[in-house]
Amino acid sequence: MHKVYLGLGSNLGDRHANIERAIALVSERIGKVIRCSSVIETDPWGFDSENRFLNAVLLCETILTPRQVLRKTQGIERDLGKRRQHATQRQSSNTKVQSSRFKVQSTEYHNRPIDIDILLYDDLTVDEADLQIPHPRMQERDFVMIPLQEVMQG
């Protein structure tokens, strides 16, 4: 069995119901939910919105691979109403900085009924275009780190 930590966020619709339904679907489709953090309310991160987020972190045991977990989380997001216009849009471009080439990622965030991020999967590191583990920006986000620490100490 593998241990996977998932971050959940919702700022559209019935946020509590979205989080609860996501937890139930994770349990059905990905694996047994071992621990769940408290649900916290936070301001949007990376964009302006009048809609505050509810956030939580889950620890699950799964037999699925990271790629399979990604597909299952994306399916759960779709089933709970996340559409293309709610998704994070990522565009890469090369920018010349002090005679060096750096890949700069411009990201635009949106309101969404549910967002599920893979934060950690065992002690695995994955660096692919559409899947990065550990989640590359989780350390910058209190709405991830506070519930993640709660679950890890649980």
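## A glycine in the first loop

Let's start with Gly 13, which sits in the loop between E1 and H1. Keep in mind that this whole structure is a predicted model. Is Gly 13 buried or exposed? With a relative accessibility of 70%, Gly 13 counts as exposed, because the cut-off for that label is over 50%.

Which residue far along the chain lies 6.1 Å from Gly 13, C-alpha to C-alpha? That's Pro 113, even though 100 residues of sequence separate the two.

## The overall layout

Now step back and look at the protein as a whole. Its secondary structure comes to three helices and nine strands. Reading from the N terminus, the elements go β-α-β-β-β-α-β-β-β-β-β-α.

The protein has 154 residues, and 42% of them are buried. Contacts reaching along the chain show up here too: take the contacts between residues at least 6 apart in sequence, and 69% of those join residues at least 24 apart.

## Two nonpolar cores

Here's a general idea to carry with you: in soluble globular proteins, nonpolar side chains tend to be buried together. In this model, the largest nonpolar core has 23 residues, and the members touching the most other members are Leu 6, Val 69 and Ile 118. E1, H1, E4, H2, E7 and E9 each supply at least two residues of this core. H1 gives the largest share, four residues. There is also a second, separate core of 11 residues, with Tyr 5, Leu 59, Phe 143 and Val 151 among them.

Leu 6 is worth clicking on. Setting aside residues up to four places away in sequence, Leu 6 touches a long list of partners, including Val 26, Ile 30, Ala 56, Val 69, Thr 73 and Ile 118.

## Helix H2 and its partner H1

H2 covers residues 66-79. How far apart should the ends of H2 be? At 1.5 Å a residue, its 14 residues should span 20 Å, and the end C-alpha atoms are indeed 20 Å apart, so the two values agree. Just after H2 comes Gly 81, with a positive phi of about 100 degrees.

The buried residues of H2 are Pro 66, Val 69, Leu 70, Thr 73, Gly 75, Ile 76 and Glu 77. These buried residues pack against E1, H1, E4, E7 and E9. Thr 73 makes a good example: its relative accessible area is 1%, so it is buried, as that is under the 20% cut-off. Leaving out neighbours within four places in sequence, Thr 73 is in contact with Leu 6, Ile 30 and Ile 116.

What about H1 and H2 together? Their axes come within 10 Å and cross at roughly 140 degrees. That angle makes H1 oblique to H2. H1 passes H2 in a right-handed crossing. Where they meet, Ala 22, Leu 25, Val 26 and Arg 29 from H1 face Lys 72, Gly 75, Ile 76 and Asp 79 from H2. A general point helps when you look at such lists: an α-helix has 3.6 residues a turn, so residues three or four places apart point the same way.

## Helix H3

H3 is made of residues 142-153. Its 12 residues reach 16 Å from first C-alpha to last, close to the expected 16 Å. In H3, the buried residues are Phe 143, Val 144, Met 145, Pro 147, Leu 148 and Val 151. They pack against strands E1, E2, E3, E4 and E7.

Met 152 also belongs to H3, but how accessible is Met 152? Its relative accessible area is 44%, so Met 152 is partly exposed. Not counting residues up to four places away in sequence, Met 152 touches Tyr 5, Arg 35 and Leu 120. Met 152 is also 9.2 Å from Ser 37 in space, C-alpha to C-alpha, with their places 115 residues apart in sequence.

## Two backbone details

Two spots in the loops deserve a look. Which residues does a cis peptide bond join? Ile 133 and Pro 134, with omega at about -5 degrees. Pro 134 lies in the loop between E9 and H3.

The other spot is Asp 122, in the loop between E7 and E8. Asp 122 has a phi near 45 degrees, which is a positive value in a residue other than glycine. With a relative accessibility of 37%, Asp 122 counts as partly exposed.

Methods
Residues numbered from 1 in each chain as written. Predicted model: local features only at pLDDT ≥ 70, side-chain atom pairs only at ≥ 80, totals over all residues. Heavy atoms only, no water. Buried < 20%, exposed > 50% of the residue type's maximum accessible area, 1.4 Å probe, protein only. Contact = heavy atoms within 4.5 Å. Expected span 1.5 Å × (residues − 1). Core = buried A, V, L, I, M, F, W, Y, C linked by side-chain atoms within 4.5 Å. Axes fitted to C-alpha atoms, helices over the stretch in contact; angles between N-to-C directions. Parallel < 35°, antiparallel > 145°, perpendicular 65-115°, else oblique. Left-handed = near helix turned anticlockwise from the far one by under 90°.
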